[in-house]
Amino acid sequence: MKYAVLIVAFMAIIATALLSVHTEEPPATIHQHEIGQAGIEMVATRQDTMPEEDYPFKKTEAEWKEILTSKEYRILRERGTELPYVNEYDDNKREGIYVCGGCGQKLYSSEHKYDSGTGWPSFWKPVADSLVGEREDNSFFMTRIEIVCSNCGGHLGHVFDDGPQPTGLRYCMNSAAMDFIPKDEVSADE
């Protein structure tokens, strides 16, 4: 399965290069980063012509680069995707909540997490619908629904309609876009 993901990523690189030669739209770009124990992290970004939302939690790009690691920045601010199965929270079975790695807003509860078999942490619903926003994502020759933090606009992942009941949704998130707070460390007001 891990090799299939690398093959798909390689094919996306080739297709993106060919597409950028034959279209007038800004090409998607692929970056390879952090070769190490976790393998190669592939990050896909695209230029977005959608006007920026007015999010309550705002930072300049320089400020984001100061407070986020390079991996967090590539995912949260550049709409990157980490490799499946080699991320921090895919196998996390502890009770607690997942918060935005950019601003700390609550996003998902371990009560709603399940093993989707995709290699990314997956949830069948957020803590509250108002905590995440949706955007159309037309990258990589497909249309998907991107999920962003409603407080800072950080890219979290995508939502698909192949999840378990009662919602039938699969919120497929990037571990690097979130922080986990164990249940015993969650304050009463959260």
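User: How many disulfides does a search of the whole structure find?
Analyst: Zero. Keep in mind that this is a predicted model.

User: OK, so what about C103, which cysteine sulfur is nearest to that one?
Analyst: That would be the sulfur of C149, 3.6 Å away, and C103 is in no disulfide. The same goes for C149: the nearest cysteine sulfur is that of C103, at 3.6 Å, and C149 is in no disulfide either.

User: Why doesn't a pair 3.6 Å apart count as a disulfide?
Analyst: Because the two sulfur atoms would have to be within 2.5 Å, and these are 3.6 Å apart.

User: Is C149 buried or exposed?
Analyst: Buried, with a relative accessible area of 0%.

User: Switching topic. How many salt bridges are there?
Analyst: The count comes to four. One of them is between the side chains of E95 and K183, with N to O at 3.2 Å. That pair links distant parts of the chain, 88 residues apart. E95 is in the loop between α3 (70-76) and β3 (96-100), while K183 is in the segment after β11 (178-182).

User: Are those two buried or exposed?
Analyst: K183 is exposed, at 55% relative accessible area. E95 has 49% relative accessibility, so E95 counts as partly exposed.

User: What does D137 form a salt bridge with?
Analyst: With R144, and the closest N and O atoms there are 3.3 Å apart. D137 is buried, with a relative accessible area of 4%, and R144 counts as buried too, at 16%.

User: And which residue does R170 form a salt bridge with?
Analyst: D162, with the closest N and O atoms 2.8 Å apart. Here R170 is buried at 10%, whereas D162 counts as partly exposed at 47%.

User: Let's zoom out. How many helices and strands does the chain have?
Analyst: Three helices and 11 strands. Along the sequence the pattern reads α-β-β-α-α-β-β-β-β-β-β-β-β-β.

User: How much of the chain is buried?
Analyst: Buried residues make up 43% of the 190 residues. The accessible surface comes to about 10,800 Å², and 54% of that belongs to carbon and sulfur atoms.

User: What share of the contacts joins residues at least 24 apart?
Analyst: It's 57%, counted among contacts between residues at least 6 apart in sequence.

User: Now the strands. Why is β9 called largely enclosed?
Analyst: Because five of the six residues of β9 (residues 155-160) are buried, the strand is largely enclosed by the rest of the structure.

User: How does β8 run relative to β9, and how many bridges join them?
Analyst: They run antiparallel, with four bridges joining β8 (residues 144-149) to β9. For instance, E146 has H158 in β9 as its bridge partner. The two strands form a hairpin with five residues between them, and in the turn G153 has a positive phi of about 80°.

User: How many bridges join β9 to β10?
Analyst: Four, and those strands run antiparallel as well. There, the bridge partner of G157 is M173 in β10.

User: Last one: where is S175 found?
Analyst: In the loop between β10 (170-173) and β11. S175 counts as buried, at 3% relative accessibility.

User: Which residues does S175 touch?
Analyst: Leaving out residues up to four places away in sequence, S175 touches E82, N87, E88, Y89, D90 and P121.

Note on methods:
Residues are numbered from 1 along each chain as its sequence is written. This is a predicted model: local features need pLDDT of at least 70, side-chain atom pairs count only at pLDDT 80 or more; totals for chains, interfaces and linings use all residues. Side-chain values use heavy atoms; hydrogens and water are left out. Buried means under 20% relative accessible area, exposed over 50%, partly exposed in between (1.4 Å probe, protein chains only). Contact means heavy atoms within 4.5 Å. Accessible areas come from the Shrake-Rupley method with a 1.4 Å probe; for residues, only the protein chains shown count as cover. Two strands pair if DSSP finds at least two bridges between them.
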